[in-house]
Amino acid sequence: IGEVIPNINVLGLGGNRLRATIPTEIFSLTSLTSLSLSQNDFTGGIPSGIQRLSLLVEFYMQSNPNLGSTIPTVFGNLTKLIWLEM
C-alpha cells in the first residue's frame, strides 16, 4: 500500500464497520499525519508497528468495542502525536 500511495498524509477509514485486525500494511504509510480507524470492529489490539508512523499527529480509534483498552508502550515513540481518541 505504501508503494502505491507513498506520500499520503491523511487516511480515514472510520465508520466502515470493518471486522478484522488492524492491517499492518497501514504502517508502511510513513508520511501519515492523521489516521482514523474509528467506528469499526477491529480486534487484537493496536500492533506495535504503529511506531513506524513517526509523523502521526492525530490518531482516532474510538468506537472499536473489541479492540481492548491497552495503549501500547510504543506510543511513547510517537513524539508528534497530540490528539488521541480511543
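This briefing covers model confidence, the surroundings of Leu-13 and a salt bridge. The structure is a predicted model, with an average pLDDT of 89 over the protein. Leu-13 sits in the loop between strands E1 and E2, and the loop between E1 and E2 also holds Arg-19, a salt-bridge partner of Asp-41.

**Confidence**
- A pLDDT of at least 70 is reached by 95% of the residues.
- Among the elements of the protein, E2 has the highest mean pLDDT, at 97, and strand E4 (residues 83-85) the lowest, at 91.

**Leu-13 and its contacts**
- Leu-13 belongs to the loop that runs between strand E1 (10-12) and strand E2 (34-36).
- With a relative accessible area of 26%, Leu-13 is partly exposed.
- Leaving aside residues up to four places away in sequence, Leu-13 touches Leu-18, Ile-26, Ser-36, Leu-37, Ser-38 and Asn-40.
- One of these contacts, Ser-36, is 23 residues from Leu-13 along the chain, yet their C-alpha atoms are separated by 5.8 Å.

**The salt bridge**
- The count of salt bridges comes to 1.
- This salt bridge joins the side chains of Arg-19 and Asp-41, with an N to O distance of 3.4 Å.
- Arg-19 lies in the loop between E1 and E2, whereas Asp-41 lies in the loop between E2 and strand E3 (58-60), so the pair ties together parts that are 22 residues apart in sequence.
- Arg-19 is exposed, at 70% relative accessible area.
- Asp-41 counts as buried because its relative accessibility of 17% falls under 20%.

Conventions
Residues numbered from 1 in each chain as written. Predicted model: local features only at pLDDT ≥ 70, side-chain atom pairs only at ≥ 80, totals over all residues. Heavy atoms only, no water. Helix = DSSP H or I, 4+ residues; strand = E, 2+ residues; numbered from the N terminus. Buried < 20%, exposed > 50% of the residue type's maximum accessible area, 1.4 Å probe, protein only. Contact = heavy atoms within 4.5 Å. pLDDT = per-residue confidence, 0-100. Salt bridge = Lys/Arg side-chain N within 4 Å of Asp/Glu carboxyl O.
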